[in-house]
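This briefing introduces a structure to a reader who has not met it before. Please view the sequence and the model first, then read the notes below.

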Amino acid sequence: MFAQLQPVATDPILGLMAAYKEDTNPNKVDLGVGVYKDGQGHTAVLKCVKEAEALRLKNEDSKTYIGMAGDLGFNNHIEKLALGVGHKALLANRITTAHTPGGTGALRVAAEFIKKANPNATIWVTSPTWANHISMFKAAGLNVKEYTYYDYATKGLNEEAMFADLATVPAGDVVLVHACCHNPSGMDLTFAQWQRFTDIANERGFTPLVDMAYQGFGSGLDEDAKGLRYLADNVEEMLLCSSCSKNFGLYRERIGAVSIMSADSKVMEITRVNLLSVVRSIYSMPPAHGAIVVANILDSTELTALWHQELAEMRDRINNYRQLIIDKLAGEGVQQDFSFITRQHGMFSFLGIDKAQIARLRSEFSIYMVDSSRVSIAGLNHSNIDYFAKSVATVLQG
């Protein structure tokens, strides 16, 4: 049976990670992997997480299963974090949540739930989008289409083409939208565009699926959720996938959540049992550790304040480096306009350079980025940004 299998192409990001690891150049720079790194190039454990883990170890008295929905305290916190305390959908008991193995697990559960609710649904994703979106939705048996989003020529959002595409989406389909810090472009919807998106969702009858992997990494926890909250205020049904990998630094703990908003509390109860049925068929019960760590942080006024401080430090470092990239390139004599970098949000940006230049950066300077020119801003620090700027300048001018 296994002899019939055919080779599968390596994921571009995973391939870059392997190549970077094998590179012996002491000046090598990894701008491919989407993991936050501090000013020393290290992905440290947050102080608030350390304290919450100590509390967990002190209080843990069992290793029994925590149920298919996961940790209920975490679920309650993650709903309020996303939608805000006192959101009308929460007060009306219209939302059900299950904590999942990472944001990827949340998306896969959402995909299987969509397939269960409407086997003929097509899911529409931004062009471009996170590479794993398409393969994951197809693996769940969903048809996938793309709608216009990023304009490579203007290095901004292709607004009119995007809304023209969305105006063709049939009722019953699902449209994925990034809540903030769009991966891979860094270009986010403005609040006015969120309002227009919401109007089209209601007019066309499609269901929004919001992927929120970076809340707090753009402008702030509430600011990054403003569009999502407006959407939830004005549609009857919606899916939301959340991740704690970035904003809590819990990458390897794999902690996320899928939340589903129904038209009323009666439908929500039916939704809940169907959601748990999907969970049961995939992994049955989620891991507990990461969810309880997050719940411990958000249960504590002191730890929440510490988390807000540490999150702001990560966000500010990324935002400051966006301007620093522009300044350093200009200092190396680069004439090309890179000001668009400061109009983007989160960890990622398209540099807008071509594949030949990207290949040269890798072969000559050991600077690693994917062929689309998407870079992780967090991969830059004070020890490598001058080398990066000089290398890019050499390639652009040579």
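How many bridges join strand β3 to strand β7, and do the two run parallel or antiparallel? Two bridges join β3 (residues 122-127) to β7 (residues 174-178), and these strands run parallel. The model is predicted, so local features need pLDDT of at least 70 and side-chain atom pairs count only at pLDDT 80 or more, while totals for chains, interfaces and linings use all residues. Residues are numbered from 1 along each chain as its sequence is written, and side-chain values use heavy atoms, leaving out hydrogens and water.

**The sheet**
- Seven strands (DSSP runs of E, at least two residues, numbered from the N terminus) form an open sheet of mixed pairing, in the order β2-β10-β9-β8-β7-β3-β4.
- At the edges are β2 (95-101) and β4 (143-148), each of which pairs on one side only; pairing requires at least two bridges found by DSSP.
- From one strand to the next, the twist averages 25° (angles run from 0 to 180 degrees between N-to-C directions of axes, which are lines fitted to C-alpha atoms, for helices over the stretch in contact).
- Within the β3-β7 pair, isoleucine 123 has valine 174 of β7 as its bridge partner.

**Helix α3 and histidine 77**
- Helix α3 (residues 72-83) lies across β2, β8 (207-212), β9 (238-243) and β10 (255-261), and runs at about 110° to β2; a helix is a DSSP run of H or I, at least four residues.
- Histidine 77 lies in this helix and is buried, with a relative accessible area of 16% (buried means under 20%, exposed over 50%, partly exposed in between, with a 1.4 Å probe and protein chains only).
- Leaving aside neighbours within four places in sequence, histidine 77 is in contact (heavy atoms within 4.5 Å) with Ala295, Leu298 and Asp299.
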